[in-house]
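Ready for some practice in reading a protein model? Work through the exercises below with the structure beside you, and try each task before you look at its solution.

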Amino acid sequence: MTTVSRKARHWVIGDVHGCSGSLESLLVELPAGDRLIFCGDAINRGPDTPATMDRIWGLVESGRAIWLRGNHEQDLIEALRSDDGANKQAGAETRRQLGSDGCALWLKRLEQLPLAYWGEGWVATHAGFNPSTWQPDLRVRMGFWEQYDGRFGDVVIGHTPGPNVRRLPNIVMVDTGACYGGDLSAYCPESREVVSVPGLAHSLQSPSLSPV
């Protein structure tokens, strides 16, 4: 009997924010052959940003993952580029953890991060699109939510934490506040399934799988 292989899907992962333990738990639950899209803000806030960065970059180099730029990555890029102390507070703890050599290496890597990933009938980006230009915007919120007209299909975003994966018309919000005691979540645009694992300050529990 011939077995028909399932077409590889995508999983868009919300803001990891240095929660490396939650990331490892989530990776165990996702199908090994599917593509991973990290929608930005993988750094800062959480307890282990360097390990998170190394893990995601390894997935990028292996061809399994795409790491999109978020506003926290952008702020860190600008701080690392600065020679005059400007933006010295941006990612200060992350820069301390990386050390001078690590900062130099990571500046080159972070500058390569794209702003969006385009799928079939959907796109992933960190925060949304500027409704004046329809270009990716790393900090937009309400203006995009209110004015998006569906021109790109579903837009899957992080940036704004909430208690679960939320759906607006043609917008899916996947930041479920892993670094604030919520979950770390992944959303599949092809099946609309959600996989979530506990973030910081959660007791150990089984991951949840549900449609959205």
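**Exercise 1. Describe the surface and the fold of this predicted model.**

Solution. Start with the outside: the accessible surface of the protein comes to about 10,000 Å², and carbon and sulfur atoms account for 50% of it. Then turn inward: of the 212 residues, 52% are buried. Finally, look at the secondary structure, which comprises five helices and 11 strands.

**Exercise 2. Find which residues are linked with Arg9 in a network of salt bridges.**

Solution. Step one: arginine 9 forms a salt bridge with aspartate 34, with 3.7 Å between the closest N and O atoms. Arginine 9 sits in the segment before β1 and aspartate 34 in the loop between α1 and β2, so this pair ties together parts that are 25 residues apart in sequence.

Step two: arginine 9 also forms a salt bridge with glutamate 193, where the closest N and O atoms are 3.0 Å apart. Glutamate 193 belongs to strand β10, 184 residues away from arginine 9 in the chain.

Step three: put the pairs together, and Arg9, Asp34 and Glu193 make up the network.

**Exercise 3. Decide whether arginine 9 and glutamate 193 are buried or partly exposed.**

Solution. Buried means under 20% relative accessible area. Arginine 9 has 18%, so arginine 9 is buried. Glutamate 193 has 24%, so glutamate 193 is partly exposed.

**Exercise 4. Describe the salt bridge between aspartate 149 and arginine 151.**

Solution. First, the distance: N to O, the side chains meet at 2.9 Å. Next, the accessibility: aspartate 149 is partly exposed at 46%, and arginine 151 is partly exposed at 46%.

Conventions: Residues numbered from 1 in each chain as written. Predicted model: local features only at pLDDT ≥ 70, side-chain atom pairs only at ≥ 80, totals over all residues. Heavy atoms only, no water. Helix = DSSP H or I, 4+ residues; strand = E, 2+ residues; numbered from the N terminus. Buried < 20%, exposed > 50% of the residue type's maximum accessible area, 1.4 Å probe, protein only. Areas by Shrake-Rupley, 256 points an atom, 1.4 Å probe, with all protein chains shown as cover. Salt bridge = Lys/Arg side-chain N within 4 Å of Asp/Glu carboxyl O.
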